Amino acid sequence: MSIRLTRRAALVSSVAGAAALPSTGWAQAAANDSASLADQVDAYVKQVMAGFPDQPAVSVAVVKDGQAVLTRGYGVRAIGGAAVDEHTLFAIASNTKAVTCAALAILIDEGKVKWDEPVRTYLPGFALSKPELNAVVTVRDLVSHRIGFGLGAGDLLFWPTTTYGNREVAERLRDVPLSGGFRERYAYDNILYGVAQLVVEQASGQSYEQFLRTRIFQPLGMRETRYNSDALKPGDNVATGHAKADFTRLEPAPRMTWSNVAGAGGLYASVSDMARWMNMHLAGGTYRDAQGREQVLFKPERQKAMWSLVTPMPIAEPKVEALKAARPNFLGYGEGWMVSDFQGRKLVWHTGGWPGMVSRVTLVPERKLGVVVLTNQEVGAAFNAITMKVLDAYLADSGTDWLAAYRAQVAQAQDDADARWRMLQEARDAASRPSLPLEQYAGTLRDPWYGDVTVAKEGAGLVLRFSRTPALVGDLEHWQHDTFVVRWRERWLNADAFLTFALKPDGDIREARMEAISPLTDFSFDFHDLRLVPVE
């Protein structure tokens, strides 16, 4: 899934009292002394962790001109656990998308795949809910978020972890609604990267895992990288994700797997390995093997294509005045990477979000500079502050107190969410009652693309269960009329939703619809795309 900047779990209202470090000292260190810069990063990461005190760990790597300036870990793998170092594994989530595009680039160099060839050339059964698109959607379309899906459409097929296999997810695409026009606009999706994964397998004759391991990880020396959480080994130095259950209590998040859509976000990696990954990209797709010989992973033209804008993205006006310094002049999506600018320099970057972990990878190709920040809490503001501080050091002093600015952004998002909740409460008819006895709401509801959801009368209340998603079990609380609130038993999900029943004239249930309650709920909970109809 994409970076989870809108999770209320990422919102921290406490403010640290540490003074901001002077940017001029950073710039001098970057220009003259890598060791001094590393010390400055040390101090700043600790300041950011103090500013976001529920952040158990941060791991950072900075590369410049082919060398690792810094690879360090800070904090602990889990609350009360062992310390993090540069070899600690974190879920990098959607930063996996760039790896999937690198795999395709290798196959394109070998003549086995073409970016602008229809997907059906490789996967004859590929189908969407608009049949007229089936023969024209290309491999490039799979990875550039322009197919016409709504934001996060279909993510419930794999998020949270489901029992569907990768091919089952791809087959169910034929019923996932397309809300926009083909190549009309940008809307981030994950599910088509699962299809891209299948293209890699079909064209290479290898499993996706085997291809990544033998064609990317082993050549680059990324020995610590794991295909997904299923591939973690006993004794691995791995971080535990942490989430704010009920938006208040920090607790460990369960380790999940994306084995069915691994191409969208399955990988675990350390900053040590990510430094190798960044240096290869900054070298135009080349690297040094174990004997020091230069090797080519993919051709420079493949690199250029990945970093070229394919799908324009809207540029929002920051609500926080200080963050206007980071507002880009252009913004778009390439192939597995976002493309924008900062201080007159082109940035190539991506973020990633996982239960309890968020991350960011940022490259400045012109300066041969790369920064990666991996974390084990859902505080996107923390990795942004660290990234922007490092960019200031190497590019120019923006004069922005990034920590203060991102804390203000967090507070603003919290205020907006609280205001919406107050509005919902004020509009609620608390005296209303359900139209039917509770037991008459019980039964199986079926959505064309997700499958079955059941409502059961248990004790004095109703319980909702998603048949293919073990984590989605929730108790129904009456809200008003025929609308109920689904309170998920896994409170770390922070995804409570409204469930509204529509009745026929004779009082039978016609359908049920869902929508997330909070605007801070991760968009991968695409409840609003479900069309739940009773199964006769």
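This passage walks through some side-chain contacts in a predicted model.

Aromatic rings make a good starting point. The structure contains 22 aromatic pairs. One of them joins W159 and W258, whose ring centres are 6.1 Å apart; because their planes meet at 85°, the pair is edge-to-face. W159 sits in the loop between α4 (139-142) and α5 (166-171), while W258 sits in the loop between β5 (249-252) and α8 (262-265), so this pair ties together parts that are 99 residues apart in sequence. Both tryptophans can be placed against the 20% cut-off for burial. W159 has a relative accessible area of 0% and is therefore buried, and W258, at 0% relative accessibility, counts as buried too.

A further edge-to-face pair is made by F466 and W488, with 5.9 Å from centre to centre and 70° between the planes. Here strand β17 (residues 461-466), which holds F466, is linked with strand β19 (residues 483-488), which holds W488; the two residues are 22 apart. F466 and W488 are both buried. These rings belong to one aromatic cluster, whose members include W159, W258, F466 and W488 as well as Y164. The ring of Y164 also has a charged partner: the charged end of R468 sits over it, 3.9 Å from the ring centre. In a similar arrangement, the charged end of R428 sits over the ring of W479, at 4.4 Å from its centre.

Charged side chains also meet each other, and the structure holds 28 salt bridges. In one of these, D416 and K319 come together at 2.8 Å, N to O. D416 lies in helix α12 (residues 402-427) and K319 in the loop between β9 (311-312) and β10 (331-333), so the bridge ties together parts that are 97 residues apart in sequence. With a relative accessible area of 31%, D416 is partly exposed, whereas K319, at 63%, counts as exposed.

Another salt bridge joins R345 and E366 (2.4 Å, N to O). R345 belongs to strand β12 (residues 345-354) and E366 to the loop between β13 (357-364) and β14 (369-375), so parts 21 residues apart in sequence are tied together. R487 and D496 likewise meet in a salt bridge, at 3.1 Å, N to O. R487 is partly exposed at 26%, but D496, at 11% relative accessibility, counts as buried. Both take part in a network of salt bridges that also includes D246, R249 and E251.

Finally, N384 is found in helix α11 (residues 380-394). At 7% relative accessibility, N384 counts as buried, and its side chain makes a polar contact of 2.8 Å with the side chain of R360.

Terms used:
Residues are numbered from 1 along each chain as its sequence is written. This is a predicted model: local features need pLDDT of at least 70, side-chain atom pairs count only at pLDDT 80 or more; totals for chains, interfaces and linings use all residues. Side-chain values use heavy atoms; hydrogens and water are left out. Helices (H or I, at least four residues) and strands (E, at least two) are DSSP runs, numbered from the N terminus. Buried means under 20% relative accessible area, exposed over 50%, partly exposed in between (1.4 Å probe, protein chains only). A polar contact is a pair of N or O atoms within 3.5 Å; within protein, one must be able to donate a hydrogen and the other to accept it, and residues adjacent in sequence count only if both atoms are side-chain atoms. Rings of Phe, Tyr and Trp (its six-membered ring) pair if their centres lie within 6.5 Å; planes under 30 degrees apart count as stacked, over 60 as edge-to-face and the rest as tilted. A charge sits over a ring if NZ of Lys or CZ of Arg is within 6 Å of the ring centre and within 35 degrees of the ring normal. A salt bridge is a side-chain nitrogen of Lys or Arg within 4 Å of a carboxyl oxygen of Asp or Glu.
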